[in-house]
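These are my notebook entries on a structure, written up in the order in which I looked things up.

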Amino acid sequence: MSRAVPHTPLPGDLAIWFFIYAELLVFGILFIAYAITKNLNPEIFAEGHAHLNRLAGLINTGALITSSYFVVRAVGAIKLNRRKACGTQLLLALAAASIYVLVKLFEYYQSISAGFDLSTNTFYTFYYLLTFFHFAHVLLGMVILAAIYFKNRTGHYSNIEHTGVETGASYWHMVDLVWVILFPLVYVIR
Amino acid sequence: MSVQPSNKLSSLNTPFVRSPANILGLLSSYRNGLTLLVLLALTTISAMLGELTPTSSDYAPLILVILVVKAQLIIDYFMQLKSSKPFWRYSMSAFALVIALIIWICN
């Protein structure tokens, strides 16, 4: 007799998953538009790519992945009713995300100082559009993580009720997932 | 009269590793740590492959395979969709796979 494997419930609020799918759809369209435009303008994209700070992209990938790891640990901690540990992990996640923000701002400063702005060519239009749109999502994610941190400090979450932590975590992992695609697309593949 | 604590309460009062719930938590923590290390290693390999060829990306298919593997690790272990209903897991995986395929076709 076969026994059906029980499925775990979707982490967080169901509404966040509809929001995540909507966000992924928008990013997906932008990624496809980038890939097609690159195919049509290979010289412009090759030249633009040569000026990118690929080390900054690598550091940012590490920072976002590490931040996601701390968020997973924060969810694990609150499930065990370890509020203090949850708060510490959220602070570590925010610290890793801050590295991303600082490196990204430095990268923008470097590009703009070198005379590459939104109107330079098609590559830079896509580069700023894609990376800034993602950057805005990181900032929103950081605000959400900070809000969860303060709510956790005031005892809003426990091992019984932690939907808010899971919801914020799911959004943060979506931001991470998008960057995992954006990094090879924009920084690695020529 | 002594009252026997429930399982949930005893897991809060006993030392960290003794409770079955905490042992599961500890195992999950090791798994997530391993996932982080694999993701960081794959990111470094991917960046190095991109640096190998100065003019064209001959390694693009390999870089895209790495992209899909990394996305799957995030979906399964960070988003914790591995044991969720297949729709959620596979639709998320399909997103990464379709984007990777389109990038490969256009490259």
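The entries below cover the contact between the chains, helix packing, one helix on its own, two loop residues and the nonpolar core.

**Entry 1. The interface**

I worked from a predicted model throughout. I began with the contact between the two chains: 36 residues of chain B are in contact with 36 residues of chain A. I then asked which elements of chain B give two or more residues to the side that touches chain A. They are α2 (20-52), α3 (60-78) and α4 of chain B. Of these, α2(B) supplies the largest share, 13 residues. I sorted the side of chain B that touches chain A by class and recorded 20 nonpolar, 14 polar and 2 charged residues.

**Entry 2. A helix pair across the chains**

I next took up helix α1 (residues 14-40) of chain A and helix α4 (residues 86-106) of chain B, whose axes come within 9 Å and cross at roughly 10°. An angle under 35 degrees counts as roughly parallel, and α1(A) and α4(B) are therefore roughly parallel to each other. On the α1(A) side I listed A:Leu24, A:Gly28, A:Phe31, A:Ile32, A:Ala35, A:Ile36, A:Lys38 and A:Asn39 as making the contact. On the α4(B) side the contact is made by B:Phe95, B:Ile99, B:Ile102, B:Ile103 and B:Cys106. By class, I noted 10 nonpolar, 2 polar and 1 charged residues in the contact of α1(A) with α4(B).

**Entry 3. A helix pair within chain A**

I turned to helix α2 (residues 42-50) and helix α5 (residues 122-153), both of chain A, which pack at an angle of about 55° with their axes 8 Å apart. That angle makes α2(A) oblique to α5(A). From α2(A), the residues A:Ile44, A:Phe45 and A:Gly48 meet A:Thr122, A:Phe123, A:Tyr124 and A:Tyr127 of α5(A). I counted 5 nonpolar, 2 polar and no charged residues in the contact of α2(A) with α5(A).

**Entry 4. Helix α3 of chain A**

I checked the span of helix α3 (residues 54-79) of chain A: at 1.5 Å a residue, its 26 residues should span 38 Å, and its end C-alpha atoms are indeed 38 Å apart. I also looked up its burial. Of the 26 residues of α3(A), 22 are buried, so α3(A) is largely enclosed by the rest of the structure.

**Entry 5. Positive phi in two loops**

What follows α3(A)? I found A:Asn81 there, with a positive phi near 65°, although A:Asn81 is not a glycine. A:Asn81 lies in the loop between α3 and α4 (83-113) of chain A. Having 17 other C-beta atoms within 10 Å, A:Asn81 is partly exposed.

In chain B, I noted B:Gln80, also not a glycine, with a positive phi of about 60°. B:Gln80 sits in the loop between α3 and α4 of chain B. Is B:Gln80 buried or exposed? With 23 other C-beta atoms within 10 Å, B:Gln80 is buried.

**Entry 6. The nonpolar core**

I closed with the largest nonpolar core, which has 74 residues. Those with the most contacts inside it are A:Ala74, A:Ile181 and B:Leu67. The elements that give two or more residues to this core are α1, α3, α4, α5 and α6 (163-188) of chain A, together with α2, α3 and α4 of chain B. I recorded α6(A) as giving the most, with 17 residues.

I then followed B:Leu67. Not counting residues up to four places away in sequence, B:Leu67 touches A:Val180, A:Ile181 and A:Pro184 in chain A, and B:Ala96 and B:Ala100 in chain B.

Terms used: Residues numbered from 1 in each chain as written. Chains lettered and ligands numbered in written order. Predicted model: local features only at pLDDT ≥ 70, side-chain atom pairs only at ≥ 80, totals over all residues. Axes fitted to C-alpha atoms, helices over the stretch in contact; angles between N-to-C directions. Helix = DSSP H or I, 4+ residues; strand = E, 2+ residues; numbered from the N terminus. Parallel < 35°, antiparallel > 145°, perpendicular 65-115°, else oblique. Contact = placed C-beta atoms within 7 Å. Nonpolar A, V, L, I, M, F, W, Y, C, P; charged D, E, K, R; others polar. Expected span 1.5 Å × (residues − 1). Buried ≥ 20, exposed ≤ 12 C-beta atoms within 10 Å, placed from the backbone. Core = buried A, V, L, I, M, F, W, Y, C linked by C-beta atoms within 7 Å.
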